[in-house]
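Q: I would like a close look at a single part of this protein, followed outward to whatever surrounds it. Please take it slowly and give the cut-offs for the terms as they come up.

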Amino acid sequence: MIIVMKQDALRRQVEAVIDLIEKSGLKPVLLEGSERRVIAVIGDERTISKSNLLALPGVAEVLDVVKPYKLVAREGHKQGSIIDIKGVKFGGPEIIVIAGPCSVESDEQFLKIARDVKASGAKVLRGGAFKWRTSPHDFQGLGLDGLKFIKEAKEETGLLAATEVLDPRQVEVLAQYTDILQIGTVSMQNYPLLRECGRSGMPIILKRGKWATYKEYLLAAEYIMAEGNEKVILCERGIRTFETETRHTFDINAIPFLKAETHLPVFADPSHGTGIAALVPAISKAAIAAGADGLIIETHYDPKHAASDAAQTIATDVFTKLMQDIRKIAPVVGREF
Ligand code: PEP
Ligand code: MN
């Protein structure tokens, strides 16, 4: 059950609703978004009466949500959520592009790429400082130095920044250097991390686990929202299939499925989704045509020498051309860019 409060509901009216939920032996989750304030009821809803809730002052609607992911389901939030991060609106009419190298390599490298992606229309800079690598002998990221370079580049360019968080103990520190925390594919079911990210109140990009079903994925998003954090952005980043020619198989179905099933913004990451730079422009365009709210793209001025994910990293000129193509596709699918 989702209780939608009226726009002008008073704090004490919200508290009265929470009180009734608690007195009924249920758990209330208050979500205070920029557009609306809702209270989700978690537990056996038979102990609470819908008409009693509707009779409380300040209550606009009471919605039944049958899906197991109560907070992320579109059933409880017909209009898609728009997540406003310092004026950049995720999930609105505008396509948002998040771009940068896989890893932060140096202050010069990161600043140069930041300026290049900004010039082509990206609103958010990406780059890993703490990397999750298959081999412990591979480059693990610059750590704290990397975070400092992220902060410098974002302040210098005015772009937002997103970086991956690997460990619940890092959340607080990372929040001081970046605007958005990214939860990588390998961490999608790291429930303590999801909870900590939820508690942080920071905007979160939650990548889909490369093995995860849509249900498992949406329940992972539910963990973050269950801590009262509404700022969750989903991202299809490819799944593991029998195909070995590509690194992953970008699941285009996920875009319209997730858009219909949830109210959260849905992004596409064709870089990890394919693992092959030559495929990235086509899959990026397909994702936008399929209804994605934005893209996450790995790009570098010297992709061959990128410290990680070189094979899927597109060169600056390819990125620039892709942005021009997205500009042409966006209005055809009713979007702005
Ligand atoms: C990344 O964005 O560089 C990354 C590691 O992504 P994923 O978790 O999707 O592999
Ligand atoms: Mn990468």
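Which residues of strand β11 (residues 204-207) lie on one side and which on the other, and are they buried or exposed?

A: This is a predicted model, in which local features need pLDDT of at least 70 and side-chain atom pairs count only at pLDDT 80 or more, while totals for chains, interfaces and linings use all residues. Residues are numbered from 1 along each chain as its sequence is written, chains are lettered from A and ligands numbered from 1 in the order in which they are written, and side-chain values use heavy atoms, with hydrogens and water left out.

Strand β11 has Ile204 and Leu206 on one side and Ile205 and Lys207 on the other, and these four residues are all buried, so that both faces of the strand are covered. Buried here means under 20% relative accessible area, whereas exposed means over 50% and partly exposed lies in between, with a 1.4 Å probe and protein chains only. In a regular strand the side chains alternate between the two faces of the sheet. Strands in this account are DSSP runs of E with at least two residues, and helices are runs of H or I with at least four, both numbered from the N terminus.

On one flank, β11 runs parallel to strand β10 (residues 180-183), to which three bridges join it; two strands are said to pair if DSSP finds at least two bridges between them. Within this pairing, Ile183 has Leu206 as its bridge partner. β11 also runs parallel to strand β12 (residues 232-236), here with four bridges, and Leu206 appears again, with Leu234 as its partner in β12.

The connections follow one pattern: β10, helix α6 (residues 191-200) and β11 make a right-handed β-α-β unit, and β11, helix α7 (residues 214-225) and β12 make another right-handed unit of this kind. A crossover is called right-handed if, with the strands pointing away from the viewer, the path from the first strand over the helix to the second runs clockwise.

Lys207 of β11 leads on to ligand 1, since it is listed among the residues around that ligand, as are Lys131, Gln182, Thr185 and Arg237; a residue counts as near a molecule or strand if one of its heavy atoms lies within 4 Å of it. A polar side-chain atom of Lys207 lies 2.9 Å from an oxygen atom of ligand 1, and a polar side-chain atom of Lys131 lies 3.1 Å from an oxygen atom of the ligand. Thr185 uses its backbone instead, with an N or O atom 2.7 Å from a ligand oxygen. Taken alone, ligand 1 exposes 290 Å², and the protein buries 92% of that; accessible areas come from the Shrake-Rupley method with a 1.4 Å probe, and for residues only the protein chains shown count as cover.

As for the setting of this strand, the secondary structure of the protein comes to 11 helices and 15 strands, and buried residues make up 54% of its 337 residues. The C-alpha atoms fill a box of roughly 65 × 40 × 40 Å, taken along the principal axes.

Terms used
Polar contact = N/O pair within 3.5 Å; in protein donor to acceptor, adjacent residues only side chain to side chain.
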